[in-house]
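Me: I am new to this structure. Please take a close look at one sheet and explain how it is put together.

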Amino acid sequence: MNQPLLSVRNLKTYFHLDEGVVKAVDGVTFDVFPGQVVGIVGESGCGKSVTIKSVLRIVPPPGRLDGGEMLYRPQKQAGYEGLRPDGAIDLATLDERGKQMRALRGSEIALIPQEPMASFSPVHTIGNQLIEAIRLHQPISKQDAWQLAVERMHEVGVPSPEQRMNAYSWELSGGLRQRAMIAMALSCSPSLLIADEPTTAIDVTTQAQVLTLLKGLQASHQMAIIFITHDLGVIAQMADWVVVMYLGRVMEQGPADDIFHNPQHPYTRALLESIPTVHSASRTFLPTIAGSIPHPFNRPPGCPYYPRCVEFMAGACDQRTPALQPIGQRQFVSCFLHHDVADE
Amino acid sequence: MIQHIIKRLLLLPVLLLIFSIFAFIIIQAPPGDFVTSYIAELASSGSSMDQVQIDALRAQYGLDQPIYTQYGKWMSRILRGDLGVSLDWQKPIKELITERLVLTLIIGLMTFFLSWVLAVPIGIVSAVKKYSLLDYGLTVFNYIGIATPSFLVALIAMWLAFSWFGVSVTGLFSAEFVDAPWSMARVGDLLKHLWLPVLILTLSGTARLARIMRANLLDELNKPYVEMARAKGMSEWKLIMKYPVRVAINPLVSTIGWFLPLIFSGSLVVATVLNLPTIGPMFLRSLTNQDMFLAGAIVLIYCMLAIIGTLISDILLAWLDPRIRMES
């Protein structure tokens, strides 16, 4: 097995508010290998977005990194300071506004945001923003950057890209806007693409097109993707490896096949049961997960999922927090049903 | 866009006509007329007039005619480019107000530019360094600037200048230049006096604008397009200046419309306190003396400024913001 492109180890991102500390990401661990699609799935507020913002080092204040490592292996030119002997650089130690981190952002690690509408400036043309993204990391002339931008727009399936370059984001349809956003993310040929719910804001037909496009681009560019979504269907279509998050912690992770066909964590099982299928009897209630996500200030002690868990074991789950441990061939699970290893 | 501007320019005389009617009615609204206040003035100095003289005066100025006739005569003169004669000063109005208007414009425009040059950076720094010591300091400065009436600042400045340096800072000219014809020396003298009223007026203007700029920018700083620019690897200051500042400045531009006339009417009290030969104090005097042709002319000029200010800010806004440009 080759070396991981990105290794996130025990990542902790806390928001320090006046009312208390919100542990948005509380000890997340996962790997991304070159060319692999990693899907991070979980309910709203489980810390998916904060996790990837931590990787990009764009966590908004009062949030900040409070622990962990994010080892990234730059694939492009060398010359990064603080490169470890194994060729990795710890993103967590970099200055988030410093030159090094900015050289990595956009060039090595690119973002496709959730809302393409709001993520383009309304007063600058699409072309202006694409050319800027290109010229930030590549020393080429404006004309060459224009050519490259048009090529990228063409590649992601934007019709008559030359005209769209002069358009404003609000003049395009939702699907085109997201395509333009993907063109911008691809403009510097990143090794790692982070897609933060890229299909949430667009309609279902367009969604399918965008997913197919991303899948195709991933293969042709040989890039790794971290794909964030709350939609298990999208994960099944896209991901090689699935990370299931709940309240800032990884509940379970493993190859997509194993997660879908052999889920080990009660939370994963409950999530999968709540997907409607065409085989289920009609006029029956869809199983749902009882209870709701606890308030961030009111986190339960022990396993964050125990108040809603059907297999809750008193004296264990509410006392200690289960650690993420290997199970079976390639899966990892943090649950006392399977092991007795706790964090701290 | 050009069509839109032409349309607005064509509308200008119509608006002015409507405003002139209202202005005329409001100026005529207080009881009595110029002759009444003239008699009162005479009485206070001990002399008096008999009824025949009074009637003759009224007839001479046309004050005995119904209000619509008076308005009609006034308007027809203005349309011919004649602003009329001031009853109070007994001089052609054009001659009376030209220099004052120019001086007011100079003070106004200098205040305007200085306020913008100071307020925009203050607002940006305040918003970007929110809740820092610098932001708190600037906020305190802003509140002082907004809460302290300009005339009070003017009084304090006069007192300080007099008690510390023994100089009087009133007026815009030294005594020897007040009635002198324009020359380089007179311009130099004007510049020597100009800075104080401009600074005093800038204080409140800057404070107001800086607060608007700070609030606008705070709204924009958390928008996804800012985060996206960050994710592209742009440096922080560069991206702030290019994206959120660019968007946040648009609402500020729309304030130009009311900021221009405000400089004229807002400087009235300061100009009175500092004894500035600007249009404000003359306007005040014309109103108290019911010098209706002078007051009417000045009100019309104010209205024109308001309309032109709005037009300028609309044009600027369309130029700055493609969303507005595409709409019209």
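Reply: What follows is a description of one sheet, and then of the domains.

This is a predicted model, in which local features need pLDDT of at least 70, side-chain atom pairs count only at pLDDT 80 or more, and totals for chains, interfaces and linings use all residues. Residues are numbered from 1 along each chain as its sequence is written, and chains are lettered from A and ligands numbered from 1 in the order in which they are written.

The sheet is open and has eight strands, in the order β6-β7-β8-β3-β9-β10-β13-β12 of chain A, with mixed pairing. Strands (E, at least two residues) and helices (H or I, at least four) are DSSP runs numbered from the N terminus, and two strands pair if DSSP finds at least two bridges between them. At the edges stand β6 (109–112) and β12 (325–327) of chain A; each has a single partner strand, so one side of each lacks a neighbour in the sheet. On average, neighbouring strands of this sheet are turned by 20 degrees against each other, direction ignored. Axes here are lines fitted to C-alpha atoms, for helices over the stretch in contact, and angles run from 0 to 180 degrees between N-to-C directions.

One pairing is that of β10 (residues 249–255) with β13 (residues 331–333), both of chain A, which is antiparallel and spans two bridges. Within it, A:Q253 has A:F332 of β13(A) as its bridge partner.

Helix α1 (residues 48–56) of chain A packs on the sheet and touches β3 (37–41), β6, β7 (192–196), β8 (224–229) and β9 (241–246) of chain A. Contact means C-beta atoms, placed from the backbone, within 7 Å. The direction of α1 makes about 150 degrees with that of β7(A).

As for domains, whose bounds come from an automatic or database assignment, chain A has domain 1 (116–189) and domain 2 (263–343). Their C-alpha centres are 42 Å apart.

Key. Two residues are in contact if their C-beta atoms, placed from the backbone, lie within 7 Å.
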